[in-house]
Amino acid sequence: MASFYCRLCGSDNLKLYYCQGNRNQFKHYKCNNCKLINYDLAAGLDQSQYTDLSVDPNNDRLKSNRGQDQSYYFLKKHIKEPGTLIDIGCGNGRLLNKAKKDGWLVKGLDLSPEWADFVKKKLDIDIEIANFLEFEANQIEPCDVVILRHVLEHLPDSIKALNKIKIMLKRDGYSLLEFPNVEGFDKRLKRFLENTGLKHRKYAQDFIPGHCNEFCKESFLFLLKKTGFKLIKWETYSLKPIVNHIYNHIHIGNKARALIQKI
Ligand SMILES: [Zn+2]
């Protein structure tokens, strides 16, 4: 039994789902009500930020730029008219730059002053240095699109995060979110092998989990319902092109992408 309540629905019906660490000391619980995977934060959370300033946002061949390219391609496919866009946790700014070239008015938000400087110098895009959950969302003009790529799972309070996005959006505005899909095929297989003792992952001595809340489609829909959004499109994806094509259509990938709309 967990010693805390589900961070999404408040239920106490939590069941140990999987463990991490060489002594299985990091515990992740599944909520039987909303299906969110809640990490027991009492064991500590790794919130260190990695800033790799060698990732040139203008280099089309870098594999590490592929994720932002995919996200922007997805956005363009579903939203035809450029408007105003904010990317939260915008990294090297590649997505913002692509959108800017297509006529979007863009702005970034990032925790790292190094990234903010780098993006300003390289791409002439303004980045506000802020912690998203503490950011005063009503100080900005409401925009058409808010992007949150691989941030949601690191935030303890997902409801607060979505409510903040809601304040940042115009009426009927959209948000594009990406996060791990906890029910992806590879993740299920790994959990099965580890839970049955068939495989033992060796963790680094200083390993501490970085994800607070892990979503599947069901728990994500619960979050949307609770915060006043509707799901427009859900897909899973991979950064490997052929696998990506399959995962976009058969939703078994380890990473999910969702377009949602404020209602
Ligand atoms: Zn729950």
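**Notebook: hairpins, sheets and helix crossings**

I began at a turn: E2 and E3 make a hairpin with five residues between them, and Lys35 in that turn has a positive phi of about 75°. A note to myself before going on: this is a predicted model.

**Entry 1, the hairpin strands**

I followed the pairing of E2 with strand E3 (residues 37-39) and found it antiparallel, over three bridges. Within that pairing I saw His28 standing opposite Tyr39 in E3.

Then I turned to the other partner of E2. Strand E1 (residues 14-20) pairs with E2 over six bridges, in the antiparallel sense. Here I noted Lys30 in E2 as the bridge partner of Lys15. E1 and E2 also form a hairpin, again with five residues between the strands, and Gly21 in the turn shows a positive phi of about 95°.

Is E2 enclosed or open? I checked burial along strand E2 (residues 26-31): five of its six residues are buried, so the strand is largely enclosed by the rest of the structure.

**Entry 2, the four-stranded sheet**

I put these strands into their sheet, which is open, has four strands in the order E1-E2-E3-E9 and pairs in the antiparallel sense. E1 and strand E9 (213-214) are at the edges with a single partner strand each, so one side of each is left without a neighbour in the sheet. I looked up the link at the E9 end as well: E3 and E9 are antiparallel and share two bridges. Ile37 has Glu214 in E9 as its bridge partner.

**Entry 3, the seven-stranded sheet**

Next I traced an open sheet of seven strands in the order E6-E5-E4-E7-E8-E11-E10, with mixed pairing. Strand E6 (127-129) and strand E10 (229-237) are its edges; each has a single partner strand, so each has one side without a neighbour in the sheet. On average, I read a turn of 15° between neighbouring strands of this sheet, direction ignored.

I picked out one pair for a closer look. Strand E4 (residues 84-88) and strand E5 (residues 105-110) run parallel and are joined by five bridges. I wrote down two facing pairs: Thr84 stands opposite Leu105 in E5, and Asp87 stands opposite Gly108 in E5. E4 is mostly covered, with four of its five residues buried.

What lies across E4 and E5? I found helix H2 (residues 94-101) there, and it also lies across strand E7 (143-149). H2 runs at about 170° to E5.

**Entry 4, H1 against H2**

From H2 I moved to its helix neighbour. The axes of helix H1 (residues 66-78) and H2 come within 8 Å and cross at roughly 40°. The two helices are therefore oblique to each other, and H1 passes H2 in a right-handed crossing.

Which residues meet here? On the H1 side I listed Gln68, Ser71 and Tyr72; on the H2 side, Arg94, Leu95, Lys98 and Ala99. Sorted by class, this contact of H1 with H2 has three nonpolar, two polar and two charged residues.

**Entry 5, H4 against H6**

I looked up a second helix pair. Helix H4 (residues 158-168) and helix H6 (residues 217-227) have axes that come within 10 Å and cross at roughly 55°. That angle makes H4 oblique to H6. H4 passes H6 in a right-handed crossing.

From H4, the residues are Ser158, Ile159, Leu162, Asn163 and Lys166, and they meet Leu223, Lys226 and Thr227 in H6. I sorted the contact of H4 with H6 by class too: three nonpolar, three polar and two charged.

**Entry 6, positive phi outside glycine**

I closed with backbone angles, keeping in mind that most residues other than glycine have a negative phi.

His150 has a positive phi near 50° and is not a glycine. I located His150 in the loop between E7 and H4. With 15 other C-beta atoms within 10 Å, His150 is partly exposed.

Asp172 is not a glycine either, and its phi is positive at about 65°. Where does Asp172 sit? I found Asp172 in strand E8 (residues 169-180). Is Asp172 buried or exposed? I counted 9 other C-beta atoms within 10 Å of Asp172, which means that this residue is exposed, the cut-off for exposed being 12 or fewer.

Key
Residues are numbered from 1 along each chain as its sequence is written. This is a predicted model: local features need pLDDT of at least 70, side-chain atom pairs count only at pLDDT 80 or more; totals for chains, interfaces and linings use all residues. Two strands pair if DSSP finds at least two bridges between them. Axes are lines fitted to C-alpha atoms, for helices over the stretch in contact, and angles run from 0 to 180 degrees between N-to-C directions. Two residues are in contact if their C-beta atoms, placed from the backbone, lie within 7 Å. A residue is buried if 20 or more other C-beta atoms lie within 10 Å of its own, exposed if 12 or fewer, and partly exposed in between; C-beta atoms are placed from the backbone. Angles under 35 degrees count as roughly parallel, over 145 as roughly antiparallel, 65 to 115 as roughly perpendicular and the rest as oblique. A crossing is left-handed if the near helix is turned anticlockwise from the far one by less than a right angle, and right-handed if clockwise. Ala, Val, Leu, Ile, Met, Phe, Trp, Tyr, Cys and Pro count as nonpolar, Asp, Glu, Lys and Arg as charged, and the others, Gly among them, as polar.
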